[in-house]
There are 2 protein chains.
Amino acid sequence: MNISVPLKKGRKFDQVIAGAREVFLREGFEGASVDQIARDAGVSKATLYSYFPDKQALFMAVLTSQCQMQSEQAMGIEILQRPVPEALYSIARSFLNFLMSDFSIQVFRVCVAESNRFPELGRAFYDSGPKQALDQIAAYLGSEKVARELKIDDPYMAADQFLQLCRADMLLRRILNVDTDDSPDKMDRIARETVATFLARYRRA
Amino acid sequence: MNISVPLKKGRKFDQVIAGAREVFLREGFEGASVDQIARDAGVSKATLYSYFPDKQALFMAVLTSQCQMQSEQAMGIEILQRPVPEALYSIARSFLNFLMSDFSIQVFRVCVAESNRFPELGRAFYDSGPKQALDQIAAYLGSEKVARELKIDDPYMAADQFLQLCRADMLLRRILNVDTDDSPDKMDRIARETVATFLARYRRA
DNA sequence: GATGAACTAAACTGGTCAGTCTATTGTACC
DNA sequence: GGTACAATAGACTGACCAGTTTAGTTCATC
């Protein structure tokens, strides 16, 4: 009847993923126990193991689906029609907003922590997040519209610098659980300073 | 007889720390077993437990001593006497060199991973590493010598931007275990681009 | 209301691990 | 050579945990 129900093996599939996401992001791979995941998911351990062959597979399923979600966080095309400085500011602002979210911080932490144990994980995270952002900004910076106002020889290097400027010390502090001012005002200021520095370097004389 | 021997409780203390560093940095906190640490250190478990009350204390001792070492990685004063662009380039280059070392990457990974479980750890790492760097660069950027050539209203914001530009995508890739070009040439280029962008923004008209 | 698949709780297995304990051996010093 | 501490190997305890199994329950569907 309900066509939108995915073709997964059973009704509790999404519950399992949700519980596992919760626990894995909070505790990391080693720190999370399967019993706890089952409890959090409101599901029996046997059910969980009917979906996934083992803990690793569940872990990878959760994190690659999170990376998938992350990569769908695309830049609105309408932003890019605006004047370059405004567009840059908007990009910086929304990028920063995303970076500072609990979601993004937790996924980052776990991916960094387990990128030794699960080599594919670091790659999957990089490709679905930082690389997407880099590609999109580089494409924008390489566009004809931008070329009229900015002089950019290497769009990837420029995009990299732009994104680095956005990140700022504030992000590092959040990642390390150090108290920090992450008010909208502060984030605004970082976005403005990012654009100011970026334009100073790349604006046409 | 040997005065340089530290006044720790026994002769094997340093061995314990060395073994623990090795294993913790490779495996993380949960992934490392005390038996393995003792084996790596060439020491019995009982000896290890005569120095440290439990695994957590050992972990913190290792990492805070690593952070200590990190913070002693100070900027040579002679660099700062050179002309500003040259000084900036040298700072960028040696900062990058340090950031990309196995040591620094491993410590960072473990601190990020465990900063939830050990809140003091994230703080200790931040204070002994990133914060030191920020303070030192900000002090330099706020100095009179620099003020003659650069116009900097907020030395901390400027220092933050400078350090962010150094980090670059390359660092993120290494942290996530993604293959990357980290040749001296590449690092040189990043340092030069960092200085170029920084000067474009802050050089006096 | 019968059928079969999905789900359940709970017990169980085999393994690992943190931390303790014991009995013994080295080592330094008087 | 006697005293006292440092260190050792290895056995042991109690806890936890991944993954399996069993015997029974829910639920959609016909």
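Across the interface of domain 1 and domain 2 of chain A, the rule finds 1 salt bridge. The structure is a predicted model. The bridge joins the side chains of A:R117 and A:E30, with 2.9 Å from N to O. Between domain 1 and domain 2 of chain A, 2 residue pairs are in polar contact. On the side of domain 1 of chain A that touches domain 2, the residues are 3 nonpolar, 1 polar and 1 charged.

Now place the two domains. The assignment for chain A puts domain 1 at 13–52 and domain 2 at 70–202. Their C-alpha centres lie 31 Å apart. Domain 1 of chain A brings 5 residues to the contact, and domain 2 of chain A brings 6. Together the two domains bury about 500 Å², with 69% of it on carbon and sulfur atoms. On the domain 1 side, A:L25, A:F29 and A:E30 lose the most area to domain 2 of chain A. These residues make up 84% of what that side buries. A:E30 thus appears in this group and also in the salt bridge with A:R117.

Turn next to the DNA. Around DNA strand C there are 18 residues, and A:R11, A:K12, A:T47, A:Y51 and B:K45 come nearest. Of the strand C atoms within 4 Å of the protein, 68% belong to sugar and phosphate. Phosphate oxygens of strand C have partners in both chains. An N or O atom in the side chain of A:T47 is 2.5 Å from one such oxygen. A polar side-chain atom of B:Y49 lies 2.9 Å from a phosphate oxygen. B:A32 uses a polar backbone atom, at 3.3 Å. The elements giving two or more residues to this surface are α3 (45–51) of chain A and α3 (45–51) of chain B. By class, the surface near strand C holds 7 nonpolar, 5 polar and 6 charged residues.

Note on methods: Residues numbered from 1 in each chain as written. Chains lettered and ligands numbered in written order. Predicted model: local features only at pLDDT ≥ 70, side-chain atom pairs only at ≥ 80, totals over all residues. Heavy atoms only, no water. Domains from an automatic or database assignment. Contact = heavy atoms within 4.5 Å. Buried area = accessible area lost by both parts, 1.4 Å probe. Salt bridge = Lys/Arg side-chain N within 4 Å of Asp/Glu carboxyl O. Polar contact = N/O pair within 3.5 Å; in protein donor to acceptor, adjacent residues only side chain to side chain. Nonpolar A, V, L, I, M, F, W, Y, C, P; charged D, E, K, R; others polar. Near = heavy atom within 4 Å. Helix = DSSP H or I, 4+ residues; strand = E, 2+ residues; numbered from the N terminus.
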